[in-house]
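Got the viewer open? Load the model and follow along, one selection at a time.

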There are 2 protein chains.
Amino acid sequence: MIIFGIDPGSRVTGYGIVACEGARVGHVDNGVIVPSASLSSAVKLHFIHSELIKILSHFKPDVVAVEEVFVANNPRSALVLGQARGVALAAAAACGIPVVEYSTRLVKQSLVGYGNASKEQIQSMVKRLLKLPQVAASDASDALAVAITHAHSHRLQIRTNLL
Amino acid sequence: MIIFGIDPGSRVTGYGIVACEGARVGHVDNGVIVPSASLSSAVKLHFIHSELIKILSHFKPDVVAVEEVFVANNPRSALVLGQARGVALAAAAACGIPVVEYSTRLVKQSLVGYGNASKEQIQSMVKRLLKLPQVAASDASDALAVAITHAHSHRLQIRTNLL
């Protein structure tokens, strides 16, 4: 199973792709989509949407995993983040790929074992689990983390079904 | 000039198209895009995006006008609205159409003459200005209102340039 994690953002959208077979989770690719800062919001959003469609079409994942958004107390940032998240979700649906969502807390628990893990702990665990030569870019690492969370959760579900 | 107004929303996205020539603003079309409530968020967003692209490709407007969002004090709604707004902006950019934004206050001022006009006053003024046989659906009426605002603002700009 190929899992495609996305960490949407208006300035930087990270993505991370893992393949899992049974208990093994391997790294496939990761990267960031960075629209030029000089573009208008609409063109940036279109860029994120069309780049994601290109990458999704190339890797043909079985599922897209995104973090449920931690809605901070700033409605303005929630709106801007929502715009990027909207085009990311639409890109997955445009490719006919189902989307699963995991809370930030669950991602942290799944990777490090507790829900208050720091960003650095997540990055270092992503690097270790996927045997990466170096820590991935912050947004790509977050995308890999949510993809790994789905791999773990999916394995648990399969196990539960077998019991 | 053909102006395409959009009032994005996750449940209902309204659109309204007007044509303007000099001081005259005429109604072209209006409607609403309503994804089935049973669909996932991602598929709803893709539906809004692809329907808008179809309609934009059909009417080939010169410009897309949207309201700047009044960010309420609820970050959760801001996020959900942001997602719909994101795909609407991306759809305009996908068609290569520039996007202009107007504050709610300016839309109300432009149509009714003061910034605190009620929704009903706006709807009734849209109906009157465009000589519609009946009041358009609420979201379509809001989309027509922002399109008319751009027509008024554009005319003022042309006048200013001529002075």
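Start by selecting strands β4 and β5 (residues 99-102) of chain B: the two pair in the parallel sense over 4 bridges. Pairing here takes at least two bridges found by DSSP between the strands. Strands are DSSP runs of E with at least two residues, helices are runs of H or I with at least four, and both are numbered from the N terminus. Zoom in on B:A65, which stands opposite B:V100 in β5(B).

Now add strand β1 (residues 2-7) of chain B, which runs parallel to β4(B) and is joined to it by 4 bridges. On this side, B:G5 is the residue opposite B:A65. How much of strand β4 (residues 63-67) of chain B is buried? The count is 4 of its 5 residues, so the strand is largely enclosed by the rest of the structure. Buried means under 20% relative accessible area, exposed means over 50%, and partly exposed is in between, with a 1.4 Å probe and protein chains only.

A word on the ground rules. This is a predicted model, in which local features need pLDDT of at least 70 and side-chain atom pairs count only at pLDDT 80 or more, while totals for chains, interfaces and linings use all residues. Residues are numbered from 1 along each chain as its sequence is written, chains are lettered from A and ligands numbered from 1 in the order in which they are written, and side-chain values use heavy atoms, with hydrogens and water left out.

Stay in chain B and pick B:G26, in strand β3 (residues 24-33). Its relative accessibility is 28%, so B:G26 counts as partly exposed. Leaving out neighbours within four places in sequence, B:G26 is in contact (heavy atoms within 4.5 Å) with B:I17, B:V18, B:A19 and B:L130. Try a distance label from B:G26 to B:V126: the C-alpha atoms are 11 Å apart, with the two positions 100 residues apart along the chain.

Next, select A:F4, A:L52, A:V64, B:F4, B:L52 and B:V64. These have the most contacts inside the largest nonpolar core, a set of 42 residues. Such a core is made of buried Ala, Val, Leu, Ile, Met, Phe, Trp, Tyr and Cys residues joined through side-chain atoms within 4.5 Å. Another core lies apart from it, with 23 residues, including B:I3, B:Y102, B:I122 and B:A147. Back at A:F4, look for A:Y15, A:I17, A:L52 and A:V64 among the residues it touches, sequence neighbours up to four places away aside.

For the view across chains, go to A:Q83 in helix α2 (residues 75-94) of chain A. Is A:Q83 buried or exposed? At 8% relative accessibility, it counts as buried. Beyond four places in sequence, A:Q83 touches A:L45 and, from chain B, B:G82, B:Q83, B:R85, B:G86 and B:L89.

Zoom out to both chains. Chain B superposes on chain A by a rotation of 180 degrees with 0.0 Å of shift along the axis (RMSD 0.0 Å). The two copies are thus related as by a two-fold rotation axis. The fit is by least squares on C-alpha atoms of residues with pLDDT of at least 70 in both copies. Since 100% of the interface residues of chain B are also interface residues in chain A, the copies meet through the same surface.

Finish by coloring chain A by secondary structure: 5 helices and 5 strands, in the order β-β-β-α-β-α-β-α-α-α from the N terminus.
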